[in-house]
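Please open the model in your viewer and keep the sequence panel beside it, since each stop on this tour begins with a selection. The stops are short and can be taken one after another.

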Amino acid sequence: MAFILPSESSEGSPMSNGLHMNGQDSLVQPLLTDFYQITMCYAYWKAGTHEEPAVFDVFFRKNPFHGEYTVFAGLEDCLRFVEHFRFSKSDIEYVRKILPDNAEDEFFEFLEGLNGNNLTIEALKEGSVVFPKVPLLTISGPLAICQLLETSILNLVNYSSLVATNASRFRQASGKNIQLLEFGLRRAQGPNGGLTASKYCFIGGFDGTSNVLAGKLYGIPVKGTQAHSFICSFSSPEELKFRKVKHQNRSDEHDLYELAIQKRDWILKQFPWGVIPSEISDGELSAFVAYAVAFPNAFLALIDTYDVLRSGVVNFVAVTLALNELGYRSLGCRIDSGDLSYLSKELRSIFVKVAALNPVYSFFETMTIVASNDINEETIMSLNEQQHEINAFGVGTHLVTCQKQPALGCVYKLVAQSSIPKIKLSQEVSKITIPGKKKCYRIYGKAENFH
């Protein structure tokens, strides 16, 4: 896939002056680079080689996570950056300060007119599976500007591809029928790391994110429930200032807490729960009711604040039955601690028993169970072996921080200059580059397995 950048400037476009199309300020600008890129640029200019045609390859040497593949990501960000590459006046003044005093004025005039108009970028399709040593991007154009792009391009590709690959591994481990939700913003490496993770986890196979800004900017479905703090904030029904919910199909209103109490008393008599009524938290029930009053059409409860089986699920079933009587359907429940496999199977057993009490409760059989709590690949594979009853995983820290491997290790290497192939030699065989501009092919066998 080749991209030839336009020769006309984009004055007046939404992304001019360092703005993305979404209107957000962009940190990805020419000075987001290493100092030695600028010093090399000056040396190229001083040597008179700055306009010589050059070719650079972006590739990695080894698949991450001891795996067999990588998912390429970050291309869109690279193209946006290169298309709008231009030094501002304040950028050039700053470069004057950091370069030695003998730097010539003509060089800064050169920088002022520098843009990506004469660059060609050839790339693999974003989101495709890629392998070591194969160029992800090939950048062709004048030597100096190609060199200036190195650090920024690597910054945009390395983490994006790493986290997309990590997300795809979670998808492979969980299977195609499990919903995967990215909950990593609070653990991500800064605001930009959080946004990048949300965007590229979605490309890697996740179904949604808790990151509201990512939802706005990238159109990713936003998901979430409540935190333990919300449950703990209620101690008794006296704290419920608003308890009434209007029937979905009628105008009559009902006290949801009183209705939930009736349903709780009724359900406890239907089959042996092994629950002591005094152990069931009325504060938790109050919190569930408060949330259900706010979101009767989207009630999903966090049920492990006190005790999942002795309190949380009892109160969840009670509120769900009360909502059902008023014409609403709960979305499900979430567990964030404990033995997730055991608890999910116990919850499913309870839901099946409730469903058997009345045909109108049949929806309980397929009630969504969401699990979180430091989920990683091994956790999911272990839960699969235990035949869990979880429908969705909320994954945070291990996903967005890529704890198994902190960096992909993409490199940006000169492979040709003025039609002359260039090679980097090294005593480490893995660091020797393949010279010359390349044309790569992927060959498929009869079974459509690629090699």
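In this predicted model, aromatic rings make a convenient starting selection, and the count of aromatic pairs comes to 19. Among them, select Tyr-42 and Phe-107, whose rings meet edge-to-face, with 4.9 Å from centre to centre and 85° between the planes. This pair links distant parts of the chain, for Tyr-42 belongs to helix H1 (residues 35–47) and Phe-107 to helix H4 (residues 105–112), and the two are 65 residues apart. Both Tyr-42 and Phe-107 are buried, which may make it helpful to hide the surface at this stop.

Next, select Phe-288, Phe-299, Phe-316, Phe-351, Phe-363 and Phe-364 together, because these residues form one aromatic cluster by the 6.5 Å limit between ring centres. With Phe-363 still displayed, add Arg-329, which lies over the face of the Phe-363 ring at 4.0 Å from the ring centre.

Now turn to strand E2, residues 53–59, and ask how many of its seven residues are buried. Six of them are, so strand E2 is largely enclosed by the rest of the structure. Strand E6 (residues 137–142) pairs with E2 in the antiparallel sense over six bridges, and selecting Ala-54 together with its bridge partner in E6, Gly-141, shows one point of contact. Strand E15 (residues 411–417) also runs antiparallel to E2 and is joined to it by six bridges; here, select Val-58 and Tyr-412 of E15, which stand opposite each other.

Follow E15 to the loop that lies between it and strand E16 (420–421), where Ser-418 is found. The phi of Ser-418 is near 50°, a positive value in a residue other than glycine, and its relative accessible area of 32% makes Ser-418 partly exposed. As background, most residues other than glycine have a negative phi.

For the next selection, take residues 179–414, the range that an unreviewed UniProt entry annotates as the domain "Nicotinate/nicotinamide phosphoribosyltransferase". Over this range the chain is 44% helix and 13% strand, and the C-alpha atoms at its two ends are 43 Å apart.

Then look for an open sheet of six strands with parallel pairing, in the order E8-E7-E14-E13-E12-E11. Strands E8 (208–209) and E11 (300–302) stand at the edges with a single partner strand each, so one side of each has no neighbour in the sheet. At the E8 edge, strand E7 (residues 179–182) pairs with E8 in the parallel sense over two bridges, and Glu-182 has Thr-209 in E8 as its bridge partner.

Where should one look for the second largest pocket, which holds about 900 Å³ of space? Of the 36 residues that line this pocket, those closest to its centre are Phe-183, Ser-210, Thr-225, Arg-334 and Ser-372, and these are the ones to select. The elements that give two or more residues to the lining are E7, E11, strand E13 (368–371), strand E14 (392–395) and helix H15 (397–400), with E14 giving the most, at three residues.

The last stop is the loop between helix H14 (377–385) and E14, which holds Gln-387. The phi of Gln-387 is near 55°, again a positive value in a residue other than glycine, and Gln-387 counts as exposed at 63% relative accessibility.

Notes
Residues numbered from 1 in each chain as written. Predicted model: local features only at pLDDT ≥ 70, side-chain atom pairs only at ≥ 80, totals over all residues. Heavy atoms only, no water. UniProt positions renumbered as here; feature names shortened; annotations may be inferred. Helix = DSSP H or I, 4+ residues; strand = E, 2+ residues; numbered from the N terminus. Buried < 20%, exposed > 50% of the residue type's maximum accessible area, 1.4 Å probe, protein only. Pairing = 2+ DSSP bridges. Phe/Tyr/Trp six-rings, centres within 6.5 Å; stacked < 30°, edge-to-face > 60°. Lys NZ or Arg CZ within 6 Å of the ring centre and 35° of its normal. 1 Å grid on protein atoms, 1.4 Å probe; cavity = no way out; pocket = protein on both sides within 12 Å on 5 of 7 lines; lining within 4 Å.
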